[in-house]
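Okay, everyone, let's get going. I'd like to talk through some charged pairs today, so have a look at the screen.

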Amino acid sequence: MRLIAVARSFRARPTLPETTGPLQFRCFQPDFVPRDPNAKPKKYKYPAFYDPYGPRPPPSDKIVQLAERIAALAPEARRQLGPTLAERLRHPKLQPISTEGLDLGSQGGAAGGSKAEEKKVEKTAFDVKLEKFDAAAKIKVIKEVRTFTNLGLKEAKDLVEKVPCVLKQGVTKEEASDIIEKIKTAGGVAVME
């Protein structure tokens, strides 16, 4: 009885070619030509530089003479050339871009003055960085690193061997100084950043 049910379940499912349809392999396409295994790869000639606009015709003699005359001008006259052309060709004046709300850092310009007036915010989160350790006290340093991190023995060992490295990030000043003292007693040198 069971054998008949199993046989029916096999017959009920369509076979693989019926579900997938005709196979879509490239080698079964009518225009497929197999590649010669002994053929060498094609070498393409690339231009020395890429020009997205394609080849351009050479400038006319009038343009070349104008460029030579501009190059022969004194530097003061060349500085006046840009604004004069912009005015003559009626180009719109460039408006200054507002940097309000942007942090420009040390390049701030006018916005930098207002930043200087603000009070300097005191740092509250510190990073503890292991600078070096005594080779004889390596095991003690690894044990001490494991006490204030959630690392296993292998991870702590790998971390200590990558000196200099950050041991703990975003801790308070008191906690950072406590960690530095523990590392110092174990035989290592740690600093607060």
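Lys 138 comes out as partly exposed, because its relative accessibility is 26%. Bear in mind that this is a predicted model. So who does Lys 138 pair with? Its salt-bridge partner is Glu 161, and the closest N and O atoms sit 2.8 Å apart. That contact links distant parts of the chain: Lys 138 is in helix 6, residues 138–148, Glu 161 is in helix 7, residues 153–161, and the two are 23 residues apart. Glu 161 is partly exposed too, at 39% relative accessible area.

Staying in helix 7, there's another salt bridge, Asp 158 with Lys 154, at 3.2 Å between the closest N and O atoms. These two are 4 residues apart in the helix, so about one helical turn separates them. Asp 158 is partly exposed at 32%, while Lys 154 counts as exposed at 57%. And there's a network here: salt bridges with shared partners join Lys 138, Lys 157 and Glu 161.

How many salt bridges are there in total? The count is 5. One of them is Lys 129 with Glu 193, 3.7 Å from N to O. Lys 129 lies in strand 1, residues 126–133, and Glu 193 in the segment after strand 3, so this pair ties together parts 64 residues apart in sequence. Glu 193 is partly exposed, at 37%.

Last stop, helix 3, residues 61–72. Its 12 residues reach 17 Å from first C-alpha to last, close to the expected 16 Å. Buried or in the open? The number of buried residues is 0, so helix 3 lies largely in the open.

How values were computed. Residues numbered from 1 in each chain as written. Predicted model: local features only at pLDDT ≥ 70, side-chain atom pairs only at ≥ 80, totals over all residues. Heavy atoms only, no water. Expected span 1.5 Å × (residues − 1). Buried < 20%, exposed > 50% of the residue type's maximum accessible area, 1.4 Å probe, protein only. Salt bridge = Lys/Arg side-chain N within 4 Å of Asp/Glu carboxyl O.
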